[in-house]
Amino acid sequence: MTSPGPRPSSRDERGDPGLSGSPNQTKPNGMADEAPRPTEDDQSGPGPKRKRVQERHQRKRGPTQPSMFSRRGRSRSPTNASPNDDPSRRSRSPLRPRSPTPEAPKRKRPGGGSRMGIVNPEEMRRRQEQRERALEEDAVRMSRDRGVSDVVRQHYNAVPERGREWRKTESKIKGLRSFNNWVKSTLIQKFSPDEEFATRFNDTKEWADDSQGPPPVDDKRLLVLDLGCGKGGDLGKWQLAPQRVDLYVGLDPANISIEQARDRYMQMRNGRGQRGRRPPPPLFHAEFYPKDCFGEWLGDVGIVQQVGIDANAGPGGSVMAARWGGGGGFDVVTSMFAIHYAFESEEKTRQMLSNVAGALKKGGRFIGVCPNSDAISGRVSTFHKNRKKNESAKPPTNEAPEDGEVQEDERCEWGNDIYRVRFPGATPEDGVFRPPFGWRYTYFMREAVEEVPEYVVPWEAFRALTEDYNLELQYRKPFLDIWEDEKNDRELGPLSERMGVRNRNTGDLNMTDEEKDAVSFYHAFCFYKV
Ligand SMILES: C[S@@+](CC[C@H](N)C(=O)[O-])C[C@H]1O[C@@H](n2cnc3c(N)ncnc32)[C@H](O)[C@@H]1O
C-alpha cells in the first residue's frame, strides 16, 4: 500500500478557472429543508472558539453544552443550537436569489416615479412584460430542477434492499458489485488514515497483521462525513479502516435509504450478520440524516455543526483564516458514486465543494468515486466520428432539421446488456464538455439504476474549481488501473480474494467482459485540504 504522501503546501494565489455558464443554467432546486432528526447524541456546546466564530459569522448563538465530537482548539464549529432556534442558520444556499425582475431605475426625486409613468407608458409596459417573462422562466427552471432531484431521490428510495446473501449469490452483476466494493475499500485503506498514522504504520503494516490486531486504542480516531451514503453499504468498510473511526455521519436526500442505513448500522451494533466470522473491530458511533448535500449548506445539520464546519471555505473566504486555523473538524469527507448529481449546475457544484471544504480540517481528505469524463469524452467523440462517416456515405436529403432539434442519429448512447448511457440532447463533437455544467444523460444499470438522470463531471474543469476551495488533487485513477496497481498489494490482494473479486485459482478478475466494460466508466479520486 502506498502512503498518501507528503501534505501539499498551502496556496495563496489561486487561478480563476473561468467556469461560469452552463448549457442548462439553473436556479436553486427549491427542495424543502429536511431538519435533521435530533438524537440522544445531539448535545449542545459552546465550541472552543466561539468568540472567534461569532466574529467571523456575525451570528448570535445561545448557551450550549460541549459536544463529545467537537474538537477543542481545532474545530471552528459554530454552535450546537438547533437549526430551528435561529432562522438565519437554516440551509444556506450558495445561490444568491436572482432578482426575477430587471432592476428598477433609481428615483432621483420624490415623485419622479409617477412622472416617469406618465412620460413613458410604452417603456413601463415593456418592463412589465420583461418581469413577467423572467418570472415564468424562473418557474419553469425551478420545476425542472426540482423534478430532477425528485426523480433521483424517488429512484434511490425505491431500490429494494435485497440483502447481502442475494447480492453475493443471485445478482447478475455480482462480479461488478464485488469489484466496486473492493475499489471503495482500497480508497478507504489508502487514503483515510491521517499523515501521522500513515507515517507510523504504513511501512510496517503492523496494524494489518492478524496476530497484532488493530492499532492501539489510544490512537487518534477519525471523524468521517459521507455525502450520499445511500443505504449504508460502506459502513463495514469503514469499520475495517486502518485508522479507527470514532464518528461516521451519513447524509443522503433519499429518506428511505437513510432509514435503511440506520437499520443496517443498528444490526451491526447488535452483532447480527457476522455468521461465525472473526469478530470485527469495535463499531464507531454513527448518525444518519436525510439531506441534499449539493443543493444545501450542511451547517444546519446538528452533528456537522458540532464537529465543525467553516462557512468561509472557498472563494471569498479569508486567506488568513484559511492559512491559520480555518477549516472544519472532519478528517475525511467521502462521496461514493454521487458527486455527478452536483454537476447539474455551477451553483450546485460550488455548494458541494463548500460543504466538502468547509467540513474538512486542514490535511483532511476528500475521497470518492464517480463517472470518468475521459471515458465519456472518448465515447462521444468516437460516436460523432462514426456518425459523420456514415452521413457522408448516405445520399443527401432536402429535409433540414428544425431549429434546436436533435435528430435521432445525433443522440449519443452506448452500453451493453448490463449498463447503458444515453444523452437525450446534443453532445460536443470533440467530446469536450464546455461549459462544464448541466450535461445531462440517463444511466441504466441492471438491478441497480433505472434510467436516472446524471451529469457529466468534466474532470479538468472540476479539478480547477477545487483549487478555489483549497483542495489539492492527490490521486486520480480509472477503476481498472487501480486493479492493476493494487491487485498484488499485501493487504488489498488477499482482500480481493475474500471479497470474491479475484478467482483464487486463476488469479483472474471474477467479472464478465460486460461487467469490465461497465466498471471502466468510473474513476476514483483523493484530494487533500491544504
Ligand atoms: C449510486 S448511489 C451510491 C450510494 C453509496 N454512496 C454507495 O456507494 O453505495 C448514489 C447516491 O447519491 C445520492 N444522491 C443523489 N443526489 C444527492 C444529493 N444532492 N446529495 C447527496 N446525495 C445525493 C442518492 O440518493 C444515492 O443514494
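**Exercise 1. State which domains the chain of this predicted model is divided into, and describe the contact.**

Solution. Start with the bounds: domain 1 covers 116-154, while domain 2 is made of 159-374 + 449-529. Next, count the residues on each side of the contact: six residues come from domain 1 and eight residues from domain 2. Last, sort the side of domain 1 that touches domain 2: three residues are nonpolar, one is polar and two are charged.

**Exercise 2. Describe the shell around the ligand.**

Solution. The ligand has 21 residues around it, and those that come nearest are Gly-228, Gly-230, Cys-293, Met-336 and Ala-338. By type, the shell has twelve nonpolar, five polar and four charged residues. By element, helix α3 (residues 121-158) gives the most, with three residues.

**Exercise 3. Find the largest nonpolar core and the residues with the most contacts inside it.**

Solution. The core has 98 residues. Val-224, Val-304, Phe-330, Val-333 and Ala-359 have the most contacts inside it. Helix α5 (residues 174-191) supplies the largest share of this core, seven residues. Now take Val-333 and set aside its neighbours within four places in sequence: its contacts are then Leu-225, Leu-227, Val-356, Ala-359, Leu-360, Gly-364 and Phe-366.

**Exercise 4. Describe the chain as a whole: its helices and strands, its buried share and its contacts by separation.**

Solution. First, the chain contains 16 helices and eleven strands. Second, 40% of its 530 residues are buried. Third, consider the contacts with a separation of 6 or more: 78% of them join residues 24 or more positions apart.

Terms used: Residues numbered from 1 in each chain as written. Predicted model: local features only at pLDDT ≥ 70, side-chain atom pairs only at ≥ 80, totals over all residues. Core = buried A, V, L, I, M, F, W, Y, C linked by C-beta atoms within 7 Å. Buried ≥ 20, exposed ≤ 12 C-beta atoms within 10 Å, placed from the backbone. Helix = DSSP H or I, 4+ residues; strand = E, 2+ residues; numbered from the N terminus. Contact = placed C-beta atoms within 7 Å. Domains from an automatic or database assignment. Nonpolar A, V, L, I, M, F, W, Y, C, P; charged D, E, K, R; others polar. Near = placed C-beta within 6 Å.
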